[in-house]
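Trainee: Could you pick one part of this model and take me through it closely? I would like to see how it is put together, and then how it sits in the rest of the chain.

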Amino acid sequence: MTNPFETEQGGPATDNSGVTASVKFHAGYDSPMIVVKGGSARQVLTMLEDTEAMNGVVDAVAALDKYAHDKAGVSAPAPGAKPGSGRPASATQHPTGKKMYCEHDGQQVERVYKSGVAKSGKNAGKEWRAFDCARGDENHPRIWDRD
Ligand SMILES: [Zn+2]
């Protein structure tokens, strides 16, 4: 967290009343950020209210950010990609795309893939994967998927 009242090293002594406003593009840790500094809140406000100039800055930063990402070979996460740790808790598809079926009225019905992390028992903390009957048929018990 940047102290908005912090003076820059070597900055003019009179700069200690300066105001900094930082604008992040999005909540991600890798979000580009625009920092507007002014001698007073009013000065910062004046700069921020110059929407034409600010939009230009935003566009330029966005373009630069995209260029930097392309340069680094980092592509935007694919739709549906799990951000962060890759925890399987919300996964709706088997990691290898495996599917299981059970039969209802002579038809193959795809089972529902579920996964999570065991909270208790001897497997506590371990990932589990299973396929449940999509229709909740009690004659079709959960099939555990183990490595
Ligand atoms: Zn079933």
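Mentor: What follows is a close look at the sheet formed by β5, β6 and β7, with a few words on the elements before it.

Please keep in mind throughout that this is a predicted model. The protein has two helices and seven strands. Read from the N terminus, the order is β-β-α-α-β-β-β-β-β, and our sheet is built from β5, β6 and β7.

The sheet is open, has three strands in the order β5-β6-β7, and is paired in the antiparallel sense. Its edges are β5 (112-117) and β7 (143-144), each of which pairs on one side only. As a general reminder, strands of a sheet pair through backbone hydrogen bonds, and the pairing can be parallel or antiparallel.

Let us start on the β5 side. Six bridges connect β5 with β6 (residues 127-132), and the two strands run antiparallel. If you want to check the register, begin with Val 112, which faces Asp 132 of β6. Move along to Tyr 113, and you will find Phe 131 of β6 as its bridge partner. On the other side, β6 and β7 are also antiparallel, here with two bridges between them. There, Ala 130 has Trp 144 in β7 as its bridge partner.

A good residue to pause at is Arg 129, which belongs to β6. Is Arg 129 buried, exposed or partly exposed? A residue counts as buried with 20 or more other C-beta atoms within 10 Å, and as exposed with 12 or fewer. Arg 129 has 18 such neighbours, so it is classed as partly exposed. Setting aside residues up to four places away in sequence, Arg 129 touches His 94, Ser 115 and Asp 145. Of these, Ser 115 falls within the 112-117 range of β5. The C-alpha atom of Arg 129 also lies 9.4 Å from that of Asp 147, with 18 residues separating the two along the chain.

Now step back along the chain to β3 and β4, which form a hairpin with two residues between them. β3 (residues 101-104) and β4 (residues 107-110) are antiparallel and joined by four bridges. At the turn end, His 104 stands opposite Gln 107 of β4. Asp 105 sits in the loop between β3 and β4, and it is worth a look at its backbone: its phi is positive, near 50°, although the residue is not glycine. Asp 105 has 5 other C-beta atoms within 10 Å, so it counts as exposed.

Further back still is helix α2 (residues 51-72). Its 22 residues should span 32 Å at 1.5 Å a residue, and this agrees with the 31 Å between its end C-alpha atoms. None of the 22 residues of α2 is buried, so the helix lies largely in the open. Right after α2 comes Gly 73, with a positive phi near 75°.

That leaves the picture for the whole protein. Buried residues account for 2% of its 147 residues. Looking at contacts between residues at least 6 apart in sequence, 23% link residues at least 24 apart. As you go back to the model, you might trace β6 once more: it pairs with β5 over six bridges and with β7 through two.

Conventions:
Residues numbered from 1 in each chain as written. Predicted model: local features only at pLDDT ≥ 70, side-chain atom pairs only at ≥ 80, totals over all residues. Contact = placed C-beta atoms within 7 Å. Pairing = 2+ DSSP bridges. Expected span 1.5 Å × (residues − 1).
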